[in-house]
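This report covers the surface patches, the salt bridges and the confidence of one protein model. The sequence and structure come first.

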Amino acid sequence: MALLVLTALIWGMGFVAQSAGGDAIGAFSFNSIRMLVGAAALLPVIKLLDKTGLNKKKPQTQRDKKNTLIGGVFCGVILTVASNFQQQGITMGTSAGKAGFITACYIVFVPIIGIFVGKKINIKIIAGVGLTVIGLYMLCMNGETGIQKSDLVVLMCSVCYAVHIMVIDRFSPKADGVRMSCIQFLVCGLLTALPMIIFEIVPLGIGVWRSYFNSIEAWVSILYAGILSCGVAYTLQIVGQVGVEPTLASMLLSLESVFSVISGRILLHQYLGIKEIMGCALIFVAIILAQLPDKKKA
């Protein structure tokens, strides 16, 4: 569980890097490059773990290799959709703190999705969904302009991340977590390269696009998001989620919302108004409510 809390801390601070990096080089470019950096960062880790014998889940049979490959590809495809929704929303204007809280709504979506795989939903989940909707309204309403498009885009990423957690729960017990993580980043980076080329490189021209990488801010954001948010944190999630119920894992990971607000205030000087803070509070209450254990029958 400590690994999942550490994951949440790295992700929460990563919203700052995503906000700065997306503004500097473009959402698709930032996402594609950071995912490929994350995959590359794990290659020496895999080699080191194999050499020292610390990797107890190193694939030994064709079945092991198949599970790791399939799990990595599935996670990579879902991560592509989720991370690009998130990055687009942040680039479109959603602040780091607000993005963190909206993303944390996956903690409510996880048990709802669980219904489709045979899990029951109780009154706490229904109440949690209701509070989340109210909290999102208070958090996302911006004067007379209503809910910003960027907030809805980030909310879509929250649904995708809920699916991502369920897929990891399905494959992590029988796959090499580090290799699966490396595969998902490679898949995500390559898939995101397509919209990067179409929507950012072609319209700007290769020369202008390359000039965006001349700033230190761009590379600091890319390296943090690639090595720590991707290479380290997602691997910690896959390894730390083994044996942990998806709903409990989502509760621990949702702490990223708290860390994102704190880091956004400290590093980016992004402040939320009273109504937005109340919305965050309601979402956090929903997060806790959705995970309260049921009373055991006598």
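K66 sits in helix α3, which spans residues 62–92. The model is predicted. K66 has a relative accessible area of 55%, and it counts as exposed because the cut-off for that class is over 50%. On the surface, K66 joins R63, R170 and K174 in a patch of positive charge.

A second patch is nonpolar. The residues L6, L9, M13, I262, I266 and L267 make up this patch, which has an area of about 520 Å². Helices α1 (2–25) and α12 (256–267) each contribute at least two residues to the nonpolar patch. L9 belongs to helix α1. With a relative accessible area of 32%, L9 is partly exposed.

Helix α4 (residues 96–103) is mostly covered, with eight of its eight residues buried. The buried residues of α4 include the charged-type side chain K98, and F101 and I102 are also among them.

**Salt bridges**

How many salt bridges does a search of the whole structure find? The search finds two. Both are set out below.

| Salt bridge | N to O distance |
|---|---|
| D50 and R179 | 2.4 Å |
| R179 and D176 | 2.7 Å |

The pair D50 and R179 links distant parts of the chain: D50 lies in helix α2 (residues 27–52) and R179 in helix α8, 129 residues apart. D50, D176 and R179 are linked in a network of salt bridges.

Are the two acidic residues of this network buried or exposed? D176 has a relative accessible area of 1% and is therefore buried, as the cut-off for that class is under 20%. D50 has a relative accessibility of 21%, so D50 counts as partly exposed.

**Confidence**

The mean pLDDT of the protein chain is 83, and 91% of its residues reach 70 or more. Which elements have the lowest and the highest mean pLDDT? Among the elements of the chain, α12 has the lowest value, 72, and helix α8 (residues 177–204) has the highest, 94. Helix α12 is one of the helices that supply residues to the nonpolar patch, whereas helix α8 holds R179.

Key. Residues are numbered from 1 along each chain as its sequence is written. This is a predicted model: local features need pLDDT of at least 70, side-chain atom pairs count only at pLDDT 80 or more; totals for chains, interfaces and linings use all residues. Side-chain values use heavy atoms; hydrogens and water are left out. Patches are made of residues with over 30% relative accessible area and no salt bridge: like charges are joined within 9 Å, nonpolar side chains (Val, Leu, Ile, Met, Phe, Trp, Tyr) within 5 Å. Accessible areas come from the Shrake-Rupley method with a 1.4 Å probe; for residues, only the protein chains shown count as cover. A salt bridge is a side-chain nitrogen of Lys or Arg within 4 Å of a carboxyl oxygen of Asp or Glu. The place of a charge is taken as NZ of Lys, CZ of Arg, CG of Asp or CD of Glu. Helices (H or I, at least four residues) and strands (E, at least two) are DSSP runs, numbered from the N terminus. Buried means under 20% relative accessible area, exposed over 50%, partly exposed in between (1.4 Å probe, protein chains only). pLDDT is the predictor's confidence in each residue, from 0 to 100.
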